Amino acid sequence: MKLYLVHAGYYSPEIMGGLYEQHTNYFVVAINLKDAKKRAQQNLAFKKNKMHIDGIQELNHVDGYRIKLIKDDLADDMVIYNYDDIKKI
């Protein structure tokens with residue numbers, strides 16, 4: 001399995017009446033690029049906002065560190081640092 005970053009675009013009628021294209025990024029784990037595309041398109045927000053894929057990046061290493069995915073059935077332990085948290089650092 002590999003980690004992919006999906007860059008998706010969409011037009012939201014709630015933002016300037018849909019005049020400008022909005023973008024979002026999210027991660028998917030997949031066997032290959034074709035599977036990553038399929039999984040990206042199954043994302044609930046992707047479907048709801050009628051998104052399209054502008055690009056997909058396969059992530060193998062970041063800043064000199066190789067990415068190795070390990071299957072883990074534990075609860076989500078993600079930590080999110082918001083704007084105010086970062087500003088205080």
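Arg 39 is partly exposed, at 36% relative accessibility. This is a predicted model, so keep that in mind throughout. Arg 39 pairs with Asp 35 in a salt bridge, and the closest N and O atoms sit 3.0 Å apart. Both residues belong to helix α1, which covers residues 33-41. They are 4 residues apart there, so about one helical turn separates them. Now look at the other partner. Asp 35 is buried, with a relative accessible area of 15%. The cut-off for buried is under 20%, so Asp 35 falls inside that class. Arg 39 lies between the limits of 20% and 50%, so it counts as partly exposed.

How many salt bridges does the model have by this rule? The count comes to 3. You have just heard about one of them, Arg 39 with Asp 35.

Next, Lys 2 and Glu 58. Their salt bridge has its closest N and O atoms 3.0 Å apart. Lys 2 sits in strand β1, and Glu 58 sits in strand β3, residues 52-59. The pair therefore ties together parts that are 56 residues apart in sequence. Is Lys 2 buried, partly exposed or exposed? Lys 2 is partly exposed, with a relative accessible area of 34%. Glu 58 is partly exposed too, at 35%.

Then Lys 71 and Asp 73. Their side chains meet in a salt bridge, 3.3 Å from N to O. Lys 71 is exposed, at 73% relative accessibility. Asp 73 is exposed as well, at 67%.

On to Tyr 26. This residue lies in strand β2, residues 21-30. Tyr 26 is buried, and its relative accessible area is 13%. What does Tyr 26 contact, leaving aside neighbours within four places in sequence? Tyr 4, Leu 5, Val 6 and Ala 8 are on the list. So are Ala 40, Asn 43 and Phe 46. Ala 40 deserves a second look. Its backbone oxygen lies 2.8 Å from a polar atom of the Tyr 26 side chain. Ala 40 is also within the range of helix α1, residues 33-41. One distance to add for Tyr 26. Its C-alpha atom is 15 Å from that of Lys 48, and the two residues are 22 apart along the chain.

Lys 48 takes us to the largest pocket. Its volume is about 150 Å³. Which residues line this pocket? From one stretch of the chain we have Tyr 11, Ser 12, Pro 13 and Glu 14. Lys 48, Asn 49 and Lys 50 complete the lining. By class, that gives 2 nonpolar, 2 polar and 3 charged residues.

Two of the lining residues can be taken further. Start with Ser 12. This residue lies in the loop between β1, residues 2-11, and β2. Ser 12 is buried, with a relative accessible area of 9%. Not counting residues up to four places away in sequence, Ser 12 touches Gly 17, Gly 18 and Gln 22.

Now Lys 50, another lining residue. Lys 50 is in the loop between α2, residues 44-48, and β3. Is Lys 50 buried or exposed? Lys 50 is exposed, at 73% relative accessibility. Check the backbone here. Phi of Lys 50 is positive, about 50°, although the residue is not a glycine.

Asp 63 goes with that. Its phi is near 50°, again a positive value in a residue other than glycine. Where is Asp 63? The residue lies in the loop between β4, residues 61-62, and β5, residues 65-66. Asp 63 is exposed, with a relative accessible area of 73%.

Last residue: Tyr 20. We return to the loop between β1 and β2, where Tyr 20 is found. Ser 12 lies in that loop too. Tyr 20 is partly exposed, at 48% relative accessibility. The limit for exposed is over 50%, so Tyr 20 does not reach that class. Which residues does Tyr 20 touch, not counting those up to four places away in sequence? The contacts are Tyr 10 and Tyr 11. Tyr 11 also helps line the largest pocket. One more distance. Tyr 20 and Asn 32 are 12 residues apart along the chain, and their C-alpha atoms are separated by 31 Å.

Note on methods:
Residues are numbered from 1 along each chain as its sequence is written. This is a predicted model: local features need pLDDT of at least 70, side-chain atom pairs count only at pLDDT 80 or more; totals for chains, interfaces and linings use all residues. Side-chain values use heavy atoms; hydrogens and water are left out. Helices (H or I, at least four residues) and strands (E, at least two) are DSSP runs, numbered from the N terminus. Buried means under 20% relative accessible area, exposed over 50%, partly exposed in between (1.4 Å probe, protein chains only). Contact means heavy atoms within 4.5 Å. A polar contact is a pair of N or O atoms within 3.5 Å; within protein, one must be able to donate a hydrogen and the other to accept it, and residues adjacent in sequence count only if both atoms are side-chain atoms. On a 1 Å grid over the protein atoms alone, a cavity is a set of points where a 1.4 Å probe fits but cannot get out, and a pocket is an open set with protein on both sides within 12 Å along at least five of seven lines; lining residues have an atom within 4 Å of a point. Grid points are joined across faces, edges and corners, and a volume is the space filled by probe spheres set on the points. Ala, Val, Leu, Ile, Met, Phe, Trp, Tyr, Cys and Pro count as nonpolar, Asp, Glu, Lys and Arg as charged, and the others, Gly among them, as polar. A salt bridge is a side-chain nitrogen of Lys or Arg within 4 Å of a carboxyl oxygen of Asp or Glu.
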